[in-house]
Amino acid sequence: MNNGVRKKVTLAGLLVSIGIVYGDIGTSPLYVMKAIVNENGGIASVNREYIVGSISLILWTITLLTTVKYVLIALKATNHGEGGIFSLYALVRKKAKWLVLPALIGGAALLADGTLTPAVTVTTAIEGLKNMRFGNDIPVPNQNSVLIITIIILLFLFSIQRMGTSIIGKTFGPIMLIWFTFLGLTGAMNLSHDLSLLEALNPVLAVKILFSPANKVGVLILGAVFLATTGAEALYSDVGHVGKGNIMASWPYVFTCLALNYLGQGVWILENPNYHAGNTDFNPFFEALPSQWKFFAIILATLAAIIASQALITGSFTLVSEASGLKFLPRMKIIYPSTEQGQIFIPSINKMLCAATIGIVFLFKTSEHMEAAYGLAITVTMLMTTILLFEYLSLKKVNILLRLVFLFLFGAIESMFLISSLAKFLHGGYVTVIIAAFIGAIMYIWYFGNKVRDRREAKNAYVRLDEYTSMLSNLSHDDSVPLYATNLVYMAKVKYNKFIKRDILYSILDKRPKRAHAYWFVTVNVTNEPFTAEYAINTYGTKNVINVQLYLGFKQQQKVNVYLRQIVHELIKDGTIESQPQEYTTTPGRDVGDFKFVIVNDVISPQTQLNTYEKWLVESRVWLQNLSSNPAVWFGLEYADTVVERVPLILGSQNIKSIQRTKLK
């Protein structure tokens, strides 16, 4: 469990970093050079200037965006050791209200990327088997066979998510270490044929190729080049699992292996200008390998693709969990497959990701077509992260000139990549936009719908809880009223330690008096820190009316039932509340009675008077609430005795209509 304690740099930590953090960026060599060659019309249409300039663009893109922005700058912007766009937003959200917009946009785009990465990486790896002869047989003769194998692998991958990644995770590190070493060695072997290609290290060549006649697509080549650094955002998001020290120490080896492989592919392309001339259905990554190595390379690439996909899928679960905690998304049922803090499984998200990923495979059919959609989403996320990092640097009192240099340098670079990716909008990029827009719309409705509801609630919607404690205490000891429960618990937000919704007290006192030995009003406060687990109480001078404030980190499991039983034991022990001895029990000495949990849900009242936009927001938010899982599941109460009561929500000015009495007709 990470409680903000700095993780030491160890050999085991370095190995885990290589296995978890670099899956996405580590599989980029499978498709980046292929995309760059195809952008220019195929292998017959490229020359040395184009290849050297393109590789220079790749290397300097990774250097600036991954190394400088993420490894050297973003990794310092962690929230108690946790990274990612939502953790970054939690750090800066008090700076300005509008910062929620880049957080929502970036988060939605990152979730959209989670559907594309498995589709692209697995399809590309399996395409290496196409037309490969094993003896007299060709097991994968066409693209349809590739699609069938890809879908089988993806279905298997999504089906095992429920088990968690603890078992699989132990093999991630060694496999990815072998993968990166393989990338480096094979790249170095090909590079040794023409060491002059090292001139690609010159950044001037990267700029020149953007305007050279050898480059037929101009700056739009950046759309393909950007694919080489798509895993940078995932690197930042996964820092909490391995620690920034382990990432910073392992990155030089990973970067070196990637660079050698891109250079090696470049040498092979220049040595084989007539290879499959006029045919774009080839991948220089596989073709650059000795024939006897290809089958091993395909197996290894498939494993690397599965690991990269696994990291993006589990990362999506974490992202959704954080979004729920920050009130960007409705609460969803979360399963914790193991005792490890970061291991979560969200069934509804797993199903949606699976359906979307397989749908993308069916829609695009080839990795070449998928690449048009891939990259667009992550450019948006990176641009939003740049905006939030600019605000973070101001919190750290960084000089305004340095902050502006950071903003304009990376903002300009990422804007160029975004424009070049948008050029592929009609060729597949629209799919990314649709997915991200759908997710973003849900986040926008939930977040701002809550804001409107909280702002426009009627002035008398809240009452002072301390003004009703005497009445509740008297009801608790009134034997003429049947006992409803020993502990009656309302999951209700108590503001400023005293204000509570009138509906809660109406439920206890007016609908039909509910007598209990103790009345509990529990508020769950989600903190900016990931793993906080604290509580505070106020009994208002009584022994049976208790306001409980739970402070749980945005990554903390919300098992209210478990926490509350611990709290009751502690309060009985120190005499804060009355004891609850149980005469009929299978547990000798049991001092805690039964619990009845009540959750009050809002429904929009016809008397609500809001403008069209606000009413649409609130109604949409309530509709999403009804679609989401049972509120009892949100608080870990699925096995507790729980009642959900619905009450009308009246917002804005009330238009009270009267009716006149008349004679019978």
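## Surface patch, cores and salt bridges

Helix H20 (residues 429–456) contributes three residues to the nonpolar patch, the most of any element. In this predicted model, the patch covers about 640 Å² and is made by Leu363, Leu422, Phe425, Leu426, Tyr430, Val433 and Ile434. Val433 is found in helix H20. Its relative accessibility is 33%, so Val433 counts as partly exposed.

The mean pLDDT of the protein is 83, and 89% of the residues reach 70 or more. Residues 1–5 have pLDDT below 50, and this stretch makes nine contacts in the model beyond near neighbours in sequence.

**Nonpolar cores**

The largest nonpolar core holds 152 residues. Tyr22, Trp179, Phe180, Phe328 and Met443 have the most contacts inside this core. Helix H6 (residues 100–127) supplies its largest share, 14 residues. Another core, of 26 residues, lies apart from it and includes Val522, Val548, Tyr563 and Phe597.

When neighbours within four places in sequence are left aside, Trp179 is in contact with Gly26, Thr27, Leu30, Phe285, Ala297, Leu300, Ala301 and Ala304.

**Salt bridges**

Ten salt bridges are found in the whole structure. Three of them are listed here with their N to O distances.

| Salt bridge | Distance, N to O |
|---|---|
| Glu199 – Arg48 | 3.0 Å |
| Glu414 – Lys69 | 2.6 Å |
| Asp641 – Lys596 | 3.3 Å |

In the bridge between Glu199 and Arg48, Glu199 lies in the loop between helix H8 (166–191) and helix H9 (203–209), while Arg48 lies in helix H4 (residues 48–73), so the pair ties together parts 151 residues apart in sequence. Glu199 is partly exposed, with a relative accessible area of 36%, and Arg48 is also partly exposed, at 31% relative accessibility. A network of salt bridges links Arg48, Asp194 and Glu199.

The bridge between Glu414 and Lys69 links distant parts of the chain, with Glu414 in helix H19 (residues 400–422) and Lys69 in helix H4, 345 residues apart. Glu414 has a relative accessible area of 1% and is therefore buried. Lys69 counts as buried at 0% relative accessibility.

For the bridge between Asp641 and Lys596, Asp641 lies in the loop between helix H25 (631–634) and strand E8 (642–649), and Lys596 lies in strand E7 (residues 595–604), so this pair ties together parts 45 residues apart in sequence. Asp641 is partly exposed at 41% relative accessibility, whereas Lys596, at 16%, counts as buried.

Terms used: Residues numbered from 1 in each chain as written. Predicted model: local features only at pLDDT ≥ 70, side-chain atom pairs only at ≥ 80, totals over all residues. Heavy atoms only, no water. pLDDT = per-residue confidence, 0-100. Contact = heavy atoms within 4.5 Å. Patch = residues over 30% accessible without salt bridge, like charges linked within 9 Å, V, L, I, M, F, W, Y side chains within 5 Å. Areas by Shrake-Rupley, 256 points an atom, 1.4 Å probe, with all protein chains shown as cover. Salt bridge = Lys/Arg side-chain N within 4 Å of Asp/Glu carboxyl O. Helix = DSSP H or I, 4+ residues; strand = E, 2+ residues; numbered from the N terminus. Buried < 20%, exposed > 50% of the residue type's maximum accessible area, 1.4 Å probe, protein only. Core = buried A, V, L, I, M, F, W, Y, C linked by side-chain atoms within 4.5 Å.
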